[in-house]
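Colleague: Could you walk me through reading this one? I'd like to go feature by feature.

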Number of protein chains: 2
Amino acid sequence: MCSQVEKIRRFNRTVTRRTGVLRDRFLGRNRPLGESRLLFEIGPDGMEVRALRVKLGLDSGYVSRLLRSLERQKMIKLESAPRDRRLRYVRLTRLGLAEYVEIDRLSDKAAEDILAPLGEQHRARLVAAMAEVERLLMASEITIAPEPAGSSTAQWCLRQYFEVLDERFGGGYDPADASPADPQDLTPPSGIFLVARTLEGPVGCGALKSAGPGIGEIKRLWVAGPARGLGIGQRILGALENQARDFGLNLLRLDTNRTLTEAQALYRKNGYREVPPFNDDPYPHHWFEKHLG
Amino acid sequence: MCSQVEKIRRFNRTVTRRTGVLRDRFLGRNRPLGESRLLFEIGPDGMEVRALRVKLGLDSGYVSRLLRSLERQKMIKLESAPRDRRLRYVRLTRLGLAEYVEIDRLSDKAAEDILAPLGEQHRARLVAAMAEVERLLMASEITIAPEPAGSSTAQWCLRQYFEVLDERFGGGYDPADASPADPQDLTPPSGIFLVARTLEGPVGCGALKSAGPGIGEIKRLWVAGPARGLGIGQRILGALENQARDFGLNLLRLDTNRTLTEAQALYRKNGYREVPPFNDDPYPHHWFEKHLG
DNA sequence: GTTTTTATCTGACTAAAGTCAGATAATGTG
DNA sequence: CACATTATCTGACTTTAGTCAGATAAAAAC
């Protein structure tokens, strides 16, 4: 562990030096860094000023001043949003768009300069390792938190989940045929709905529902495709088990379809044992349970 | 290539966000970032002010002012160096050392916080990928440039090279027994000595020496242990071949010992063909040559 | 022994980055 | 309709980070 920490710190030193260069793409454009960042963030499609402020985490007065300056340089146009005339919508002018394109080009060039001295094989290795670091850093940023099961976020996760099932199961999947898990079943104190999210948005979910005295059922365990293989399912399952303990449950059950092999492996790895069917739903082929310690 | 660039830019975005957190270890210490950086760079052993200035690349007046401020906070002591009373030596006080230790602890903690949410396997993968990225970024920073063959840097490289040979060859290696390559042989226009270096220092070398009209000989090809496997030998060899072309040579020769299998692979990969012995040195077992196009 | 160079220090200055307290106008709430 | 809230804007202010032109003292070069 100590040596791992040491390696992360070494990585950090090297990478900040190198990617500092990438950041400097914003410099040397005859304009303070803050203004360039703003310009680049506005992008070709324009943006509400408020969204810009939130995204960059800046003071409203400060943003206003920066926009004023970019406006004087004829890089942007500000217009009131029609639906709410307090809101301002900012858009790049032709000149501003040209500047955006140029910054984008310099960014590409900075990235190419990193690859240029390397041979083809080493390039591929570097890019692959970078992708791996990025995925795992993303994984380490994920937080798992309760979410009202009726919220739009929860509903979005469930739609994703159902889509996966519909695609995986031989004959498709219709939630109406399966045993229900209504929002009220997934609400404390009898149940809960958890969402795993990065700063970008939700990447997984899982639910716990009561199934009789002292018994809980795990449902709706889903991890977004690009986020698989990062131990997120494992973490959601662990969080659900902790919740179950807090609810005073001592037995957890779940069922699953034979096509969901990763899920089965996950359950077995976490101490779930296969048991005879405890329901007669049309979709599951395997039923598991685990006694909580 | 386009997709590789895109991946580097994605990596950059994620990593700067995440390692920005690491950088912020210096913040929240009730002290501007510049002062904290200086304090941390001074370190437990103290440092000459000049070295500090060079290392951080700061203006001398600015450094002086920062030091004055840290002195007022009783974090550092300044003393004149005995050997040259113009030089100032800066040292942490007990209080400064405590602050250093605290910053160090926070750095460790920031790194641990990245690892904490991950399982053991994913931790290992992240650290390994980080090490790979770091090594390859280092490789991409390497520059290859001519160096006077008599310089202390060149001599240092040669000592490293001889040590490797002494270790690898069954019966040891004594440069006195081998065919010589004196500094004047490795000096333009008849020869050249190239050094590959990172910002940290030299990590490889290679030499070209005249061996008759139109013929050159590659000698002293060395890559430092930790820098192997990054294509550096390949790049040095390529640079030597370009030099040879510039010198108007049309045939390159080299010899090598049977224990240096990576080197042999490198030569074959680059179009060198094994030929009968062209010398009777005691150490080589294989002789190669290549016609320059 | 004079001149030049080097290392540091000081004072004066600037630009960038950001904070804070209102002002203003539009919108939402009871 | 009164009142609170929201989004933006403006002016006044501060801190941080850094540059530049000498001043000074020690050391090196001639």
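Modeller: Let's begin with terms: a residue is near a strand if one of its heavy atoms lies within 4 Å of it. For classes, Ala, Val, Leu, Ile, Met, Phe, Trp, Tyr, Cys and Pro count as nonpolar, Asp, Glu, Lys and Arg as charged, and the others, Gly among them, as polar. On that basis, the surface near DNA strand D has eleven charged, five nonpolar and four polar residues. Keep in mind that this is a predicted model, where local features need pLDDT of at least 70, side-chain atom pairs count only at pLDDT 80 or more, and totals for chains, interfaces and linings use all residues. Residues are numbered from 1 along each chain as its sequence is written, chains are lettered from A and ligands numbered from 1 in the order in which they are written, and side-chain values use heavy atoms, with hydrogens and water left out.

Colleague: Which residues are closest to DNA strand D?

Modeller: R50(A), R53(A), R65(A), R88(A) and Y62(B), out of 20 residues that surround the strand. Of the strand's atoms within 4 Å of the protein, 66% belong to sugar or phosphate and the rest to bases.

Colleague: And which helix gives the most to that surface?

Modeller: Helices here are DSSP runs (H or I, at least four residues) and strands likewise (E, at least two), numbered from the N terminus. α4(A) gives the most, with five residues.

Colleague: What do polar side-chain atoms reach on the DNA?

Modeller: For R53(A), a phosphate oxygen of DNA strand D lies 2.6 Å from a polar side-chain atom. For S60(A), the partner is a base nitrogen of DNA strand D at 3.4 Å.

Colleague: How do I describe two packed helices?

Modeller: By the angle between their axes and the distance between the axes. Axes are lines fitted to C-alpha atoms, for helices over the stretch in contact, with angles from 0 to 180 degrees between N-to-C directions. Here the axes of α3(A) and α4(A) come within 10 Å and cross at roughly 115 degrees. Contact means heavy atoms within 4.5 Å, and V49(A), L52(A) and R53(A) of α3(A) meet S60(A), V63(A) and L67(A) of α4(A).

Colleague: Is E48(B) buried or exposed?

Modeller: Buried means under 20% relative accessible area, exposed over 50%, partly exposed in between (1.4 Å probe, protein chains only). E48(B) counts as buried because its relative accessible area is 18%. A polar contact is a pair of N or O atoms within 3.5 Å; within protein, one must be able to donate a hydrogen and the other to accept it, and residues adjacent in sequence count only if both atoms are side-chain atoms. One of 2.8 Å joins the side chains of E48(B) and R83(B).
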